[in-house]
Amino acid sequence: MSALMSSSPHAPASPPMPLPLAPASRYVPPSITGDYSELTEKQKKLLAIASDLGRNRFAARAEQIDRDAVFPFENYADLREAGLLKICVPEQYGGWGADFATYVMTAAEIGRHCGATALTLNMHVSSTMWTGFIADDLDMTPEQRANHEQHRAMHYKRVVEEGKIYSQPFSEGGAAAAGKAPFGTLARRVEGGYIVNGKKIFASLAGAADYYGILCTLDKPGATQRDSLYLAIDKNLPGVTVTGDWDPLGMRGTVSRNLIFKDVFVPDMERLIPEGLYAQAATRWPHMFATLSPTYMGICQAAYDFTVQYLRGEVPNMPPVKRRMYPTKQIAVAEMKVKLEQTRAIFLQNARAARVDPSKEIRLGLYAAHYTIMENANDICRLAVRTCGGQSMLKTLPLERMYRDSRCGSLMLPWTAELCIDRLGRECLYEAGERDEADAL
Ligand SMILES: Cc1cc2nc3c(=O)[nH]c(=O)nc-3n(C[C@H](O)[C@H](O)[C@H](O)COP(=O)(O)OP(=O)(O)OC[C@H]3O[C@@H](n4cnc5c(N)ncnc54)[C@H](O)[C@@H]3O)c2cc1C
């Protein structure tokens, strides 16, 4: 504590001690986890790998990927080499065996440097989470369990030994992606597998993933959401096509084009979760629907880091002009920091709370966390652009990309900002199964 801070108004006046001169320094962006010291060794290791790749490779490539709306293949070669494609593959299958918290921290660190890389990596990693620690938590018959072990061994071998990439095209443009209706893509049971017909929209990694991990409905009379099937479809199978163009506002490197499946034969072994069990997984592990938000946690931090560097005159390739001495800038940065710390706190709390069958309070906290991260990302970017001023809109600087990318988060199903509020409001006011008297009439 400095002499100035320790002086009490009742103490005799003494000459103030001269403050030591700060050594010449630059802003050092902190860990995405802040000054949080309770990280496991695995978390520290994975965060260091992600930070190294992000700073030294992904950040420099992000502008071109965004400008051309192309998939970040080079980044994926680096992710593969660094072992991050297998981050959530269980250790017994040769992966890192990262749990939910470890994964989302690592994903947020990547999102700081390239949003599109983090968002698409999430689609890939999710397929290993559904089949990994989530499947481990599900109720299965011994036969289903044995069957699942065989299936996942094959899928993990592809990821671990061959560096294959999986995507997660669930959306169809109807009510299914929001969880309100069965998927329109149908899988008809045939000898040795299924025949799949349907269309997926906004399929990130379209044309880039080796396997599309789709959700579809088992084709049978009276099928409901309980009949959802989770299948991996080899991108080279006859009947699989990528359609539509891709020239969106933001997250341009995700290349989320349409996928058409026309009479595609999918062998049984491509089932990622035993028949009929996806609905159980989705209900009992709701945190899986919030795995999009770590990318946006990364963007929150990145927009703040940029603003501090800009106001300190430390942005690479920019004149070293300082703007930090203006009180309005200081107030703006303080406001951004408040939002950033609120976002980080709820992000970390939610990451650590993730588990099978979460309590009602954890579930409500999850909606609040996802909503906060998604909305604050865009708000922190908005403040950053306003604070840094005109030059921040130039495409040679990363802030305008972050601003556009951040806008694309809270509109992603199944938990758009609106749907989070919808769920939160309803579940705050109604207990499970409760109805209003008027509804019962
Ligand atoms: C960059 C990017 C990448 C994506 N990648 C993938 C991917 O890899 N895989 C994938 O499956 N999807 C992906 N999506 C798709 C995404 O999840 C949505 O399905 C897609 O954006 C279509 O949304 P929509 O607004 O047209 O949907 P609509 O269903 O038309 O919804 C429109 C709006 O209405 C609201 N709404 C919808 N249903 C309800 C309801 N029942 N009650 C109240 N409000 C409702 C929602 O808040 C939404 O904002 C991606 C989207 C983006 C932007």
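Student: What makes the pairing of an oxygen atom of the ligand with the side chain of Glu418 a polar contact?

Tutor: In this predicted model, an oxygen atom of the ligand is 2.6 Å from an N or O atom in the side chain of Glu418. A polar contact is a pair of N or O atoms within 3.5 Å, and the pair at Glu418, at 2.6 Å, therefore counts as one. As for the ligand as a whole, it exposes 970 Å² when taken alone, and the protein buries 72% of that.

Student: Which polar atoms of Ser204 and Phe202 lie by a nitrogen atom of the ligand, and at what distances?

Tutor: For Ser204 it is a polar side-chain atom, 2.7 Å from a nitrogen atom of the ligand, whereas for Phe202 it is a polar backbone atom, at 3.2 Å from a nitrogen atom of the ligand.

Student: What makes up the shell around the ligand?

Tutor: The residues of the shell divide into nine nonpolar, six polar and three charged. Of the 18 residues around the ligand, Phe170, Ser171, Ser204, Thr416 and Glu418 come nearest, and helix α12, residues 417-429, gives the most to the shell, with three residues.

Student: Why is Arg404 called buried or exposed?

Tutor: The relative accessible area of Arg404 is 12%, and buried means under 20%, so Arg404 is called buried. Arg404 has its place in helix α11, residues 399-407, and a polar atom of its side chain lies 2.8 Å from the backbone oxygen of Leu249. Leaving aside neighbours within four places in sequence, Arg404 is in contact with Asp66, Leu249, Gly250, Arg252 and Lys395.

Student: How do you know how far α11 is enclosed by the rest of the structure?

Tutor: Seven of the nine residues of α11 are buried, and the helix is therefore largely enclosed by the rest of the structure. The buried residues are Leu399, Glu400, Arg401, Met402, Arg404, Asp405 and Ser406, and what covers them includes α2 (41-68), α5 (115-137), α8 (293-311) and α10 (360-388).

Student: Which residues have the most contacts inside the largest nonpolar core, and which helix gives the largest share of that core?

Tutor: This core has 128 residues, and those with the most contacts inside it are Leu79, Met129, Trp130, Val196, Leu231, Phe261 and Tyr296. The largest share of the core, 12 residues, comes from α10. Trp130, leaving aside its neighbours within four places in sequence, is in contact with residues including Gln168, Phe170, Tyr230, Ile273 and Phe289; Phe170 is also among the residues that come nearest to the ligand.

Definitions and conventions:
Residues are numbered from 1 along each chain as its sequence is written. This is a predicted model: local features need pLDDT of at least 70, side-chain atom pairs count only at pLDDT 80 or more; totals for chains, interfaces and linings use all residues. Side-chain values use heavy atoms; hydrogens and water are left out. A residue is near a molecule or strand if one of its heavy atoms lies within 4 Å of it. A polar contact is a pair of N or O atoms within 3.5 Å; within protein, one must be able to donate a hydrogen and the other to accept it, and residues adjacent in sequence count only if both atoms are side-chain atoms. Accessible areas come from the Shrake-Rupley method with a 1.4 Å probe; for residues, only the protein chains shown count as cover. Helices (H or I, at least four residues) and strands (E, at least two) are DSSP runs, numbered from the N terminus. Ala, Val, Leu, Ile, Met, Phe, Trp, Tyr, Cys and Pro count as nonpolar, Asp, Glu, Lys and Arg as charged, and the others, Gly among them, as polar. Buried means under 20% relative accessible area, exposed over 50%, partly exposed in between (1.4 Å probe, protein chains only). Contact means heavy atoms within 4.5 Å. A nonpolar core is a set of buried Ala, Val, Leu, Ile, Met, Phe, Trp, Tyr and Cys residues joined through side-chain atoms within 4.5 Å.
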